[in-house]
Amino acid sequence: MMKKGLTLFAALLTLMGCNSQKKSETADETKASKCLVVYYSQTGATRQVAQLFAQQLGADLVSLEVEQPYDGTYQETIERCQKEMAAGEVPTLKPLTTDFAQYDIIFLGYPIWFGTYAQPIASLVKQVDFSGKKIVPFCTFGSGGLAASAEHLKKALPQADIQPGYGVRNARTAKAPAEVDRFLKENGYMAGKVEKLPDYSPQQAVTPEEAEIFNAACGDYQYPLGTPVTVGKRETAQGTDYRFSAQSQDAQGHNVMATIYVTVSNEAGTKPEFTEVVR
């Protein structure tokens, strides 16, 4: 009897966490899913976020490494990436020992380079068959790139199911634990409920006070983020979120409209900070 009970207990343990019962897309049934968190990190920021995902989910964790590391200066790394991308080349990954076929859901993490996923991820998607897999992207960035990189993943992996992802600025990784927890619960990857965030109000012309908030959040960023034109906002338990539409420029210097998200915390002494730029 005791042996039978232990066997049953062990079976139940295999159904815990992300390697366990996950809410289905129809929200009225669940299925057992085995998850993997795989990531590339150059500076350590993406590694921090990947570890959060793995810890929260109880998932396996795999770090990608390249044979010739990107360990030069900032300018040397930029020049190398530009040459690789212009030539359609990707770096060689160190041998992979993970059997990707045994996983149902793959959380794929990377830094944003030149507006998309880092070059080692380009190597991975060429090397591994992700057909039929659910891919959940997550990334770290200076200003943005989640939406664009997800679209590039869809093109690179047409047989995979690319899910909504999570992104965080390198300057805000201290906020990642709470945000990852919300993301996983909100999307049904982890048990628990979170309060639904309200919708943003309709866009209205920016007031001088709102322009000051924008400038306080974006003024010290290393690249100009543009001039705010309209704004929508929402109140949350943590503070006020703003969605600015701003006249900006893309990497090629073309005039574009950008959406810039700014948050103002209720905590005393904190300054406004921008969370993401979407061009």
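# Briefing on a predicted model

Strand 3 and strand 4 (residues 60–63) run parallel and are joined by four bridges. The model described here is predicted. The points below cover strand 3 and its neighbours, helix 4, the nonpolar cores, an antiparallel sheet and the salt bridges. A search of the whole structure finds eleven of these salt bridges, and the largest nonpolar core has 32 residues.

**Strand 3 and its partners**

- In the pairing of strand 3 with strand 4, Leu36 stands opposite Asp60.
- Between these two strands the chain passes through helix 2 (residues 45–57), and the resulting β-α-β crossover is right-handed.
- Strand 3 also pairs with strand 5, again in the parallel sense, over five bridges.
- Tyr39 of strand 3 has Gly109 of strand 5 opposite to it.
- Strand 3 is mostly covered, with five of its five residues buried.
- Burial applies to both faces of strand 3: Cys35, Val37 and Tyr39 lie on one side, and Leu36 and Val38 lie on the other.

**Helix 4**

- Helix 4 spans residues 119–127 and is mostly covered, since seven of its nine residues are buried.
- Its buried residues are Gln119, Pro120, Ile121, Ala122, Ser123, Leu124 and Val125.
- These buried residues pack against strand 3 (35–39), helix 3 (74–87), strand 5 (105–113), strand 6 (116–117) and helix 5 (146–156).

**Nonpolar cores**

- Nonpolar side chains tend to be buried together in soluble globular proteins.
- Within the largest nonpolar core, of 32 residues, Val38, Leu124 and Phe130 have the most contacts.
- At least two residues of this core come from each of strand 3, strand 5, helix 4, strand 7 (134–141) and helix 5.
- Strand 5 supplies the largest share of this core, five residues.
- Leaving aside neighbours within four places in sequence, Val38 is in contact with Val62, Leu64, Phe100, Ile106, Phe107, Leu108, Gly109 and Leu124.
- A second, separate core has 22 residues, including Cys35, Val49, Ala50 and Phe107.

**The antiparallel sheet**

- Strands of a sheet pair through backbone hydrogen bonds, either parallel or antiparallel.
- Five strands make up an open sheet with antiparallel pairing, in the order 10-11-12-13-14.
- The edges are strand 10 (204–205) and strand 14; each has a single partner strand, so one side of each is left without a neighbour in the sheet.
- Strand 11 and strand 12 (residues 239–249) run antiparallel and are joined by eight bridges.
- Arg234 has Asp241 in strand 12 as its bridge partner.
- Helix 7 packs on the sheet and touches strand 10, strand 11, strand 12, strand 13 and strand 14.
- The direction of helix 7 makes about 90° with that of strand 13.

**Salt bridges**

- Side chains of opposite charge can pair when their charged atoms come close.
- Glu273 and Lys175 meet through their side chains in a salt bridge, at 2.8 Å from N to O.
- This pair links distant parts of the chain, 98 residues apart: Glu273 is in strand 14 (residues 273–278), and Lys175 is in the loop between strand 9 (166–169) and helix 6 (176–186).
- Glu273 counts as partly exposed because its relative accessibility is 21%, and Lys175 is partly exposed at 38%.
- Arg182 and Glu186 form another salt bridge, at 2.9 Å from N to O.
- Arg182 and Glu186 are four residues apart in helix 6, so about one helical turn separates them.
- Both ends of this pair are partly exposed, with relative accessible areas of 22% for Arg182 and 41% for Glu186.
- Lys271 forms a salt bridge with Asp220, and their closest N and O atoms are 3.3 Å apart.
- Lys271 lies in the loop between strand 13 (255–265) and strand 14, and Asp220 lies in the loop between helix 7 (208–218) and strand 11 (227–235), so the pair ties together parts that are 51 residues apart in sequence.
- Lys271 is partly exposed at 46% relative accessibility, whereas Asp220 is exposed, with a relative accessible area of 60%.
- Arg172, Lys175, Glu179 and Glu273 are joined into one network by salt bridges that share partners.

Conventions:
Residues numbered from 1 in each chain as written. Predicted model: local features only at pLDDT ≥ 70, side-chain atom pairs only at ≥ 80, totals over all residues. Heavy atoms only, no water. Salt bridge = Lys/Arg side-chain N within 4 Å of Asp/Glu carboxyl O. Buried < 20%, exposed > 50% of the residue type's maximum accessible area, 1.4 Å probe, protein only. Contact = heavy atoms within 4.5 Å. Pairing = 2+ DSSP bridges. Right-handed = clockwise from strand over helix to strand, strands pointing away. Axes fitted to C-alpha atoms, helices over the stretch in contact; angles between N-to-C directions. Core = buried A, V, L, I, M, F, W, Y, C linked by side-chain atoms within 4.5 Å.
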